[in-house]
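Grab a pencil and work through these short exercises with the model open beside you. Try each task on your own before you read its solution.

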Amino acid sequence: MNNKRQAGHMMVKEEFIFNIHKTMPSKGMIIMKNIFKTFFKTFRILILFIGCTILFYYGIMWINQEYQNYKRYDEPEGKAVKAFQPIENEGNDWFSRLLLFYQNGE
């Protein structure tokens, strides 16, 4: 009977040790878990960056399309006044135009 008691005690002890090892993660599991968490966080940031980049690209394309349809070189309508009038006092030779260009930087 003493033998049975010892065998039962050993079985309980072995089962307890087995359950402890089953519930406690090993160092390898902890390292793998940390690697997975780091990979997952990096992947989330990458997806967020790609999403923001795509959103920015299509936003710029939309603005470009809006301004592409804007006709800025059309002649003005209504009471518009011509802003440039050539000087008639000086001759219209190329040398005077060149000096005017150098003086005004235009």
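A residue counts as exposed when its relative accessible area is over 50%, as buried when that area is under 20%, and as partly exposed in between. Keep in mind that you're looking at a predicted model.

**Exercise 1. Sort Tyr58 and Tyr57 into buried, partly exposed or exposed.**

Step 1: Look up Tyr58, whose relative accessibility is 55%. The cut-off for exposed is over 50%, so Tyr58 counts as exposed.

Step 2: Now take Tyr57, at 46%. That value falls between 20% and 50%, so Tyr57 is partly exposed.

**Exercise 2. Work out how the rings of Tyr57 and Tyr58 are arranged.**

Step 1: You need two values, since a pair of aromatic rings is described by the distance of the centres and the angle of the planes.

Step 2: For Tyr57 and Tyr58, the centres are 5.2 Å apart and the planes stand at 75°.

Step 3: Centres within 6.5 Å make a pair, and an angle over 60 degrees makes it edge-to-face. So Tyr57 and Tyr58 form an edge-to-face pair.

**Exercise 3. Do the same for Phe39 and Phe43, then place them in the chain.**

Step 1: The structure holds four aromatic pairs. In the one made by Phe39 and Phe43, the centres are 6.3 Å apart, with 20° between the planes.

Step 2: Planes under 30 degrees apart count as stacked, so this pair of Phe39 and Phe43 is stacked.

Step 3: Both residues sit in helix H2, which covers residues 27-68. They're four residues apart, or about one turn of the helix.

Step 4: Check their exposure too: Phe39 is exposed at 56%, while Phe43 is partly exposed at 43%.

**Exercise 4. Which surface patches can you find around these residues?**

Step 1: Start with the nonpolar side chains. A patch of about 1,100 Å² includes Phe39, Phe43, Tyr57 and Tyr58, and Leu46 and Met61 are also among its members.

Step 2: Next, hunt for charge. Lys33, Lys37, Lys41 and Arg44 gather in a positive patch on the surface, and Lys41 lies in helix H2.

**Exercise 5. Describe the whole chain.**

Step 1: Count the elements: three helices and zero strands, which read along the sequence as α-α-α.

Step 2: Look at burial. Of the 106 residues, 1% count as buried.

Step 3: Finish with the surface: the chain exposes about 11,700 Å², and carbon and sulfur atoms supply 64% of that area.

Notes:
Residues are numbered from 1 along each chain as its sequence is written. This is a predicted model: local features need pLDDT of at least 70, side-chain atom pairs count only at pLDDT 80 or more; totals for chains, interfaces and linings use all residues. Side-chain values use heavy atoms; hydrogens and water are left out. Rings of Phe, Tyr and Trp (its six-membered ring) pair if their centres lie within 6.5 Å; planes under 30 degrees apart count as stacked, over 60 as edge-to-face and the rest as tilted. Helices (H or I, at least four residues) and strands (E, at least two) are DSSP runs, numbered from the N terminus. Buried means under 20% relative accessible area, exposed over 50%, partly exposed in between (1.4 Å probe, protein chains only). Patches are made of residues with over 30% relative accessible area and no salt bridge: like charges are joined within 9 Å, nonpolar side chains (Val, Leu, Ile, Met, Phe, Trp, Tyr) within 5 Å. Accessible areas come from the Shrake-Rupley method with a 1.4 Å probe; for residues, only the protein chains shown count as cover. A salt bridge is a side-chain nitrogen of Lys or Arg within 4 Å of a carboxyl oxygen of Asp or Glu. Lys and Arg count as positive and Asp and Glu as negative; His and the chain ends are not counted. The place of a charge is taken as NZ of Lys, CZ of Arg, CG of Asp or CD of Glu.
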